[in-house]
Amino acid sequence: MRFGKPGRSLPVGALIAVAVSLSACSSGPSQPAPLRGPSVDVSRAALAGGSPQMALQAANSILAKTPRDPKALLAKGDALTALGHIGQAEWSYRSALARSPHLVGAHVGLGRCLLAYSPAQAETEFMAALQGDSENAAALNNLGVARDLQRNHAGAQEAYRKALVSDPDMIGAQANLALSLAMSGNGDEAERILSPYATDANASSKMRHDMAAVMAMGGKTQDAMNILSHDLKPEQARQAIDGYALAREGGK
C-alpha cells in the first residue's frame, strides 16, 4: 500500500500492489426487476443478476431511440465497466454528465474509471457525487481509495469511516480502512479490524490476501507468507510480499 505526503506517488511496484488490494465498489440494485422490455430497470436488473452483456444490450436499446437519455448512458457505463471496457465506460459517463451534471452515479462511475490513471481527478468526481448525496457509501469508499493512491492516508481513513457510518456492513470499506491503517504504520489496529473477516472459515482469497498485506506491512513476513502459500506459488508469494513491504516503506 502507500504512505507519505498527499500529491506524491509511490514506486510503480508498490502502487500496483496497493491498487490490487484496495476495493473500489459501486452501489446497485440487489434484486433483479421483472424483464418486460427495454428500460433502464431492465439494464439494472441484468447487471445485478450478473449479466453485464444483457445490461449493455438493454441500455443500447434505449439509446437507439433516445440517444441523449442520461440514465441510459449511466446504465451503459456501468455495464461497460462490468465488462472491463473502461475507456468506453468513461465516455458513456462523461456523456451522461454532459446532459445531467448532477447525476450522482455518473460521477461515481467516472471516478472509478479515473482511478487507474488519475487518482486526483477521481477524487474530484467522488467529491462531486457527495455534493449530491453526502452519505453515499460507495462514493465515500471510492474517495478513500483515491486518497490512498495519493498517499493521503489520513484523508482516506476519514472517508472509509464515513462510508461505514452510512453502511456498517460494507466489508470492502472495512478492508480498505485496515489496508490504509497498515500503510500509515498502524498495523495492530489494521489487524484488529481485518481479523474477524480474514480468519473466518468462509473468507475469500482476496480477504486472506488483504490480511497478508497488512502483516507484511507490519513486518510479519513469515505470517504473510503462510497465508499466501495457500493460493500462490512461493515465488509469487514473495513478489507479493515485496510489493506490500515496499508500499509501507515508501512512507518511512
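These legends describe close-up views of a predicted model.

**View 1. The whole chain is built from helices.**
The protein has 14 helices and 0 strands. From the N terminus on, the elements run α-α-α-α-α-α-α-α-α-α-α-α-α-α. Buried residues make up 49% of the 252 residues. Of the contacts with a separation of 6 or more, 49% join residues 24 or more positions apart. The protein exposes about 12100 Å², and carbon and sulfur atoms supply 52% of that area.

**View 2. Helix H4 is largely enclosed by the rest of the structure.**
H4 covers residues 70–83 and has 14 residues. From first C-alpha to last, H4 reaches 20 Å, close to the 20 Å expected at 1.5 Å a residue. In H4, 10 of the 14 residues are buried, so the helix is largely enclosed. Among them are Leu73, Leu74 and Leu80, but also Lys76 and Asp78. The cover over the buried residues of H4 includes helix H2 (40–48), helix H3 (52–65), H5 and helix H6 (104–114).

**View 3. Asp69 and Gly84 flank helix H4.**
Asp69 caps the N-terminal end of H4. A side-chain oxygen of Asp69 lies 3.0 Å from the backbone nitrogen of Lys71. Just after H4, Gly84 takes a positive phi of about 85°.

**View 4. Glu90 and Arg94 form a salt bridge within helix H5.**
Their side chains meet at 3.0 Å, N to O. Side chains of opposite charge can pair when their charged atoms come close. Why are these two placed to meet? Glu90 and Arg94 are 4 residues apart in H5 (residues 86–99), so about one helical turn separates them. An α-helix has 3.6 residues a turn, so residues three or four places apart point the same way. Glu90 is buried, with a relative accessible area of 14%. Arg94 counts as partly exposed, at 38% relative accessibility.

**View 5. Arg147 and Glu123 link helices H8 and H7.**
The closest N and O atoms of this salt bridge are 3.1 Å apart. Arg147 lies in H8 (residues 137–149) and Glu123 in H7 (residues 119–132), so the pair ties together parts that are 24 residues apart in sequence. Arg147 is buried, with a relative accessible area of 13%. Glu123 is buried too, at 18%.

**View 6. Asp210 pairs with Lys206 in helix H12.**
The closest N and O atoms of this salt bridge are 3.1 Å apart. Both residues lie in H12 (residues 205–217), 4 residues apart, about one turn of the helix. Asp210 is buried, with a relative accessible area of 2%. Lys206 is partly exposed, at 32%. Elsewhere, salt bridges that share partners join Arg161, Glu189 and Arg192 into one network. The structure holds 10 salt bridges.

**View 7. Phe126 sits in the largest nonpolar core.**
This core has 67 residues. Which members touch the most others? They are Leu115, Phe126, Leu194 and Met217. In soluble globular proteins, nonpolar side chains tend to be buried together. Leaving out residues up to four places away in sequence, Phe126 touches His107, Val108, Gly111, Arg112, Leu115, Ala139, Asn142, Leu143 and Ala146. Leu115, one of these contacts, is also among the core members that touch the most others.

Key
Residues are numbered from 1 along each chain as its sequence is written. This is a predicted model: local features need pLDDT of at least 70, side-chain atom pairs count only at pLDDT 80 or more; totals for chains, interfaces and linings use all residues. Side-chain values use heavy atoms; hydrogens and water are left out. A salt bridge is a side-chain nitrogen of Lys or Arg within 4 Å of a carboxyl oxygen of Asp or Glu. Helices (H or I, at least four residues) and strands (E, at least two) are DSSP runs, numbered from the N terminus. Buried means under 20% relative accessible area, exposed over 50%, partly exposed in between (1.4 Å probe, protein chains only). Contact means heavy atoms within 4.5 Å. Accessible areas come from the Shrake-Rupley method with a 1.4 Å probe; for residues, only the protein chains shown count as cover. A nonpolar core is a set of buried Ala, Val, Leu, Ile, Met, Phe, Trp, Tyr and Cys residues joined through side-chain atoms within 4.5 Å. The expected span of a helix is 1.5 Å times one less than its number of residues. A polar contact is a pair of N or O atoms within 3.5 Å; within protein, one must be able to donate a hydrogen and the other to accept it, and residues adjacent in sequence count only if both atoms are side-chain atoms.
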